[in-house]
Amino acid sequence: MKLDIRGSLECGKNVKIDTNVVIEGDVKFGDNVKIDPNCIIKDSVIGSDTKIQANSMVETASIGKFCLIGPYARIRPGTKLNNHVQIGNYVEVKAAKIGAGCKINHLSYIGDAILEKNVIIGAGTITCNFDGIKNNDTYIENGAFIGSSVQLVAPVRVGKNAIIGAGSTITENVPANELTIARRD
């Protein structure tokens with residue numbers, strides 16, 4: 001087993017670290033953390049009972065308790081995940097605050113965003129956060145459901161319990177408790 005520590009690592013109880021894991025900078029693991037093979041963790045805090053699956057990268061982030069990350073996930077600087085968050089395979093998150101119970105399960109990019117609690121993000125959804133000059137924010141309120149292959153063109157706000165149909169390009173705020181579809185059939 002190869003573990004490469006290039007900084008400091010503080011571990012809680014019952015931490016399991018598989019082979020070919022690289023730890024850079026200051027890293028802290030809570031109790032019962034599990035790190036699968038080929039992960040890179042840099043300058044981050046990983047909460048208790050969280051699992052980082054194979055081939056994932058976490059950099060300058062704070063991960064809550066009972067989270068599931070990966071495989072092949074990339075958590076970029078400035079990201080804060082609350083408890084019970086799922087970040088799936090081939091998901092990239094940058095400078096985002098993700099609330100408790102949110103699920104971003106596969107093939108998505110969420111950057112410069114705030115997701116409140118229990119938001120579901122469908123496969124292939126992206127926040128279009130850079131307008132060529134600056135980054136803009138996307139805000140998604142509690143319980144919203146974003147369908148697959150949705151583009152959220154920031155700055156934009158999605159209301160509480162809103163549903164956005166698959167394939168939609170959203171350029172205006174979405175009202176709470178309504179279904180929004182923006183596409184041609």
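Which residue in E7 does Ile 35 stand opposite? I started my notebook with that one, and the partner is Ile 52. A reminder to myself: this is a predicted model.

**Entry 1, the strand pair.** I looked up the two strands next. Strand E4 covers residues 34–35 and strand E7 covers residues 51–52. They pair in the parallel sense, over two bridges.

**Entry 2, the whole sheet.** I then followed the pairing outwards and found an open sheet of ten strands. I noted the order as E2-E4-E7-E10-E13-E16-E19-E22-E25-E27, with parallel pairing. Strand E2 (16–17) and strand E27 (179–180) each have a single partner strand, so they stand at the edges with one side lacking a neighbour in the sheet.

**Entry 3, a glycine in a loop.** I turned to Gly 99, which sits in the loop between strand E15 (97–98) and strand E16 (103–106). Is Gly 99 buried or exposed? I have it down as buried, because its relative accessibility is 10%, and the cut-off for buried is under 20%. Setting aside neighbours within four places in sequence, I listed its contacts as Asn 82, Val 85, Leu 115, Glu 116 and Lys 117. I also checked Gly 99 against Lys 16, 83 residues apart along the chain: their C-alpha atoms are separated by 26 Å.

**Entry 4, a surface patch.** Last, I looked at the surface and found a nonpolar patch formed by Phe 145, Ile 163, Leu 179 and Ile 181. Together these residues have about 380 Å² of accessible area. I picked out Ile 163, which lies in strand E25 (residues 163–164). Ile 163 counts as partly exposed because its relative accessibility is 40%.

Methods:
Residues are numbered from 1 along each chain as its sequence is written. This is a predicted model: local features need pLDDT of at least 70, side-chain atom pairs count only at pLDDT 80 or more; totals for chains, interfaces and linings use all residues. Side-chain values use heavy atoms; hydrogens and water are left out. Patches are made of residues with over 30% relative accessible area and no salt bridge: like charges are joined within 9 Å, nonpolar side chains (Val, Leu, Ile, Met, Phe, Trp, Tyr) within 5 Å. Accessible areas come from the Shrake-Rupley method with a 1.4 Å probe; for residues, only the protein chains shown count as cover. A salt bridge is a side-chain nitrogen of Lys or Arg within 4 Å of a carboxyl oxygen of Asp or Glu. Helices (H or I, at least four residues) and strands (E, at least two) are DSSP runs, numbered from the N terminus. Buried means under 20% relative accessible area, exposed over 50%, partly exposed in between (1.4 Å probe, protein chains only). Contact means heavy atoms within 4.5 Å. Two strands pair if DSSP finds at least two bridges between them.
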